[in-house]
Amino acid sequence: MSSPLPDACLDQIFREARTRNGWQPEPLAETLLRAVYDLARMGPTSANCSPARFVFVTSDEGRETLASLASATNGAKIRQAPCTVIIGHDLEFMDRIPELFPHNPGAKDWFPKGSELAERTAFRNGTLQGAYLMLAARSLGLDCGPMSGFSNDKVDAAFFAGTTVKSNFICSIGHGTDKDLFPRGPRLSFEDACRIA
Ligand SMILES: Cc1cc2nc3c(=O)[nH]c(=O)nc-3n(C[C@H](O)[C@H](O)[C@H](O)COP(=O)(O)O)c2cc1C
């Protein structure tokens, strides 16, 4: 039976976690990157379709390419971070549904290739998986720095050429510093953002 996580865990994952703009440059072990994905992949997606595809950019060459395709401020952050993950989604995710959703392999046909529903499903669930990745990284003691200020088309050409994968957003991960950390922004109250119907 599940029980609430200790406050220290909730602090680490939510209350005290900040979007980082500065990074300690030490490389991250591949075993840690794999551990992040192993947790993130367990988050739910519709029909278990799992459309997200992740590129963990850790090489000097990859980092420089990605940085050059981002805004100047984001580029500087990418150059400093030990790893920046490109969160993409495969528009042909349905090909893997028979394997991923074995109790109903025909669910593949719910998402005709090239349809608006297929694109919306890939984007919706890929975005969710990007969020799972951030929570997984924080759960394993890493910081995150998500960014959308870059050219999706150019990143797709540089990292996903010849595939049906499209980039969504990118997220640096590693051990953050307080460089350029601005004060925590307020969040909407329950009354402002929610209602119980
Ligand atoms: C999808 C996404 C895209 C973002 N894009 C950028 C960006 O391009 N550049 C930037 O400096 N911050 C970017 N941010 C950072 C947000 O401004 C930041 O997460 C938010 O203000 C909350 O900050 P906090 O986590 O420190 O409370 C982005 C965040 C998300 C989730």
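In this predicted model, a good place to start is the contact between R187 and the ligand, where an N or O atom in the R187 side chain sits 2.9 Å from an oxygen atom of the ligand. A second arginine, R184, places a polar side-chain atom 2.6 Å from an oxygen atom of the ligand. N74 takes part as well, with a polar atom of its side chain 2.9 Å from a ligand oxygen. Taken alone, the ligand has 630 Å² of accessible area, and the protein covers 62% of this.

The shell around the ligand can be followed along the chain. It is made up of R18, T19, N74, K77, P146, M147, S148, G149, R184 and R187. Two elements each supply two or more of these residues, namely helix α4 (72–80) and strand β4 (143–147). N74 and K77 fall within the span given for α4, while P146 and M147 fall within that of β4. Sorted by class, the shell holds four charged, four polar and two nonpolar residues.

The empty space in the protein can be viewed in a similar way. Rolling a probe the size of a water molecule over the atoms shows where such space is left. The largest pocket holds about 330 Å³ of space. Its lining comprises 20 residues, and those nearest the pocket centre are T19, R20, N21, K77 and F182. Here too, α4 and β4 are the elements that give two or more residues to the lining, and α4 makes the biggest contribution, with four. The lining of this pocket consists of seven charged, seven polar and six nonpolar residues. Readers comparing the two sets of residues will find T19 and K77 in the shell around the ligand and again among the residues nearest the pocket centre.

Another feature to look for in the model is helix α6, which runs over residues 116–139 and contains 24 residues. From its first C-alpha to its last, α6 reaches 34 Å, close to the 34 Å expected at 1.5 Å a residue. An α-helix has 3.6 residues a turn, so residues three or four places apart point the same way. Just after α6 comes G141, whose phi is positive, at about 90°.

Note on methods:
Residues are numbered from 1 along each chain as its sequence is written. This is a predicted model: local features need pLDDT of at least 70, side-chain atom pairs count only at pLDDT 80 or more; totals for chains, interfaces and linings use all residues. Side-chain values use heavy atoms; hydrogens and water are left out. A residue is near a molecule or strand if one of its heavy atoms lies within 4 Å of it. A polar contact is a pair of N or O atoms within 3.5 Å; within protein, one must be able to donate a hydrogen and the other to accept it, and residues adjacent in sequence count only if both atoms are side-chain atoms. Accessible areas come from the Shrake-Rupley method with a 1.4 Å probe; for residues, only the protein chains shown count as cover. Ala, Val, Leu, Ile, Met, Phe, Trp, Tyr, Cys and Pro count as nonpolar, Asp, Glu, Lys and Arg as charged, and the others, Gly among them, as polar. On a 1 Å grid over the protein atoms alone, a cavity is a set of points where a 1.4 Å probe fits but cannot get out, and a pocket is an open set with protein on both sides within 12 Å along at least five of seven lines; lining residues have an atom within 4 Å of a point. Grid points are joined across faces, edges and corners, and a volume is the space filled by probe spheres set on the points. The expected span of a helix is 1.5 Å times one less than its number of residues.
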